[in-house]
Amino acid sequence: MSANTNIHAMRKLVQQLRFEASFNRVKVSQSAADLKQFCLQNAPQDPLLKGVPTSVNPFKTRSGCLLL
């Protein structure tokens, strides 16, 4: 039974390695250039770089109680 289990585990491993080998690989330099281009294109809309206007910021500090 142990040999049968070992063979099954090795077949699963070979199947997984074949699956991973079939991926389309991209060079790191190309990925980094694409990421840089994406960041530069979307920088004007990025709230972490630009900031959030106080009129639409749901987390801004509210003023105190007002009594009428």
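Met-10 sits in helix α1, which covers residues 2–21. That helix belongs to a predicted model with three helices and zero strands. Here's a quick tour, from the overall shape down to a few side chains.

**Overall shape**
- Going along the sequence, the pattern reads α-α-α.
- The radius of gyration is 27 Å, well over the 11 Å that the globule rule gives for 68 residues, so this protein is more spread out than a compact globule.
- Lined up on the principal axes, the C-alpha atoms fill a box of roughly 85 × 35 × 10 Å.

**Surface and burial**
- Looking for a core? Of the 68 residues, 0% count as buried, where buried means under 20% relative accessible area.
- The accessible surface adds up to about 7,100 Å², and carbon and sulfur atoms account for 62% of it.

**The nonpolar patch**
- Met-10 teams up with Leu-13 and Leu-17 to make a nonpolar surface patch of about 290 Å².
- Met-10 itself counts as partly exposed, because its relative accessibility is 47% and that class runs between the 20% limit for buried and the 50% limit for exposed.

**The aromatic pair**
- There's one aromatic pair in the structure.
- Phe-19 and Phe-23 are the partners: their ring centres are 5.1 Å apart and their planes meet at 70°, so the pair is edge-to-face; the cut-off for that label is over 60 degrees.
- Phe-23 is partly exposed too, with a relative accessible area of 44%.

Key. Residues numbered from 1 in each chain as written. Predicted model: local features only at pLDDT ≥ 70, side-chain atom pairs only at ≥ 80, totals over all residues. Heavy atoms only, no water. Patch = residues over 30% accessible without salt bridge, like charges linked within 9 Å, V, L, I, M, F, W, Y side chains within 5 Å. Areas by Shrake-Rupley, 256 points an atom, 1.4 Å probe, with all protein chains shown as cover. Salt bridge = Lys/Arg side-chain N within 4 Å of Asp/Glu carboxyl O. Helix = DSSP H or I, 4+ residues; strand = E, 2+ residues; numbered from the N terminus. Buried < 20%, exposed > 50% of the residue type's maximum accessible area, 1.4 Å probe, protein only. Phe/Tyr/Trp six-rings, centres within 6.5 Å; stacked < 30°, edge-to-face > 60°. Rg over C-alpha atoms; globule rule 2.2 N^0.38 Å.
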